[in-house]
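Hi,

Here is the structure I said I would pass on to you. Have a look at it first, and then read my notes below.

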Amino acid sequence: MLEVYHFVNPLSGDCLETEKKLATYVEQSNKKVAMQIIPVVTMQSARQTAMASSNSSHPSLHDLNVVSQTLYQVAVDTKAAQFQGKKAAREYLMATQQALLQGHAYSDELVMQTVNDLALDQEMFVEDRNSDLAVQAFRADQNLAAEMGVRNFPALVVYDTDRSEYAVRTDDFSDEHLTRLFLSANRQRLREYDGFLHNGGVTEVEEG
């Protein structure tokens, strides 16, 4: 089985496109794939989002504080949706991203409309998005991104559980690279992580 972690900036159009692209490869893969989309919030991603929005029709996202709070809330709400399944989380995040990139504000009205459209349990979602558990899950994701050495978004980490010593961390979402990872018979020829964590980061060694 392939374990896939897709690290994204929730307000990035590029990340939304890679989410759609990855979904296609996951469906086509002849190997079972467990994929999780992980929204990550950093000061760098907030600044980049605010700068990218400076010429857009979304004036509320020109303010760094608003951007930071929006990124955080989208990430926490995605974790709340994930308590109803990883697929629910992916669908919630993608629907939210599409709405935000079309210029809609991230409001409670938008959130609940999205929850309703996806047929999620509304009462459970509201309880979860306001819980310490969702915040803890969000923080765990941020720590995971740091441990895996993810600094730019979108980024992908793929493990082959049949050959657990092999993994790859990449920001290459080209068709050629994704085909090798998900569809090629040689996809196990990934990069080897030296003990996974090494001096606070990931050391990558090319397989011989």
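Which residue forms a salt bridge with Lys79, and how far apart are the closest N and O atoms? The partner is Asp141, and the gap between those closest atoms is 2.8 Å. This bridge ties together distant parts of the chain, with Asp141 sitting in helix α7 (residues 132–147) and Lys79 in helix α3, 62 residues apart. Both Asp141 and Lys79 are buried. Before you go further, keep in mind that this is a predicted model.

**Salt bridges**

There are six salt bridges in the structure, and I'll pick out a couple of others here.

Take Asp77 and Arg129, whose side chains meet in a salt bridge at 2.9 Å, N to O. Again the pair links distant parts of the chain: Asp77 belongs to helix α3 and Arg129 to helix α6, with their positions 52 residues apart. Asp77 and Arg129 are both buried. There is also a network of salt bridges here, in which Asp77, Asp108 and Arg129 are linked.

Then there is Lys31, which forms a salt bridge with Asp160, the closest N and O atoms being 2.9 Å apart. Lys31 lies in the loop between α1 and β2, while Asp160 is in strand β3 (residues 155–160), so you have to go 129 residues along the chain to get from one to the other. Are these two buried or exposed? Lys31 counts as buried because its relative accessible area is 17%, under the 20% cut-off. Asp160 is buried too, with a value of 3%.

**The loop around Ser29**

Ser29 is in that loop between α1 and β2 as well. Its side chain reaches the backbone oxygen of Lys31 at 3.2 Å. If you leave out residues up to four places away in sequence, Ser29 touches Phe182 and Leu183. Ser29 has a relative accessible area of 12%, so it is buried.

**Helix α4**

Now for α4, which covers residues 86–101. With 16 residues, helix α4 reaches 22 Å from its first C-alpha to its last, close to the 22 Å expected at 1.5 Å a residue.

Which residues of α4 are buried? They are Ala88, Ala89, Tyr92, Leu93, Met94, Thr96, Gln97, Ala99 and Leu100. When you look at that list, remember that an α-helix has 3.6 residues a turn, so residues three or four places apart point the same way.

What do the buried residues of α4 pack against? Their partners are two strands, β1 (2–8) and β2 (33–39), along with the helices α1 (13–28), α3 (64–82), α5 (108–117) and α6 (122–129). Just after α4 you will come to Gly103, which takes a positive phi of about 100°.

**Thr114, across from α4**

One place to see α5 alongside α4 is Thr114, which is found in helix α5. Leaving aside neighbours within four places in sequence, Thr114 is in contact with Tyr92, Ala95 and Thr96. The C-alpha atoms of Thr114 and Leu93 are separated by 9.6 Å, and these two residues are 21 apart along the chain. Thr114 has a relative accessible area of 7%, so it is buried.

If you want a place to start, pull up Asp141 and Lys79 and find their salt bridge, then move on to the network of Asp77, Asp108 and Arg129.

Cheers

How values were computed:
Residues are numbered from 1 along each chain as its sequence is written. This is a predicted model: local features need pLDDT of at least 70, side-chain atom pairs count only at pLDDT 80 or more; totals for chains, interfaces and linings use all residues. Side-chain values use heavy atoms; hydrogens and water are left out. Helices (H or I, at least four residues) and strands (E, at least two) are DSSP runs, numbered from the N terminus. The expected span of a helix is 1.5 Å times one less than its number of residues. Buried means under 20% relative accessible area, exposed over 50%, partly exposed in between (1.4 Å probe, protein chains only). Contact means heavy atoms within 4.5 Å. A salt bridge is a side-chain nitrogen of Lys or Arg within 4 Å of a carboxyl oxygen of Asp or Glu. A polar contact is a pair of N or O atoms within 3.5 Å; within protein, one must be able to donate a hydrogen and the other to accept it, and residues adjacent in sequence count only if both atoms are side-chain atoms.
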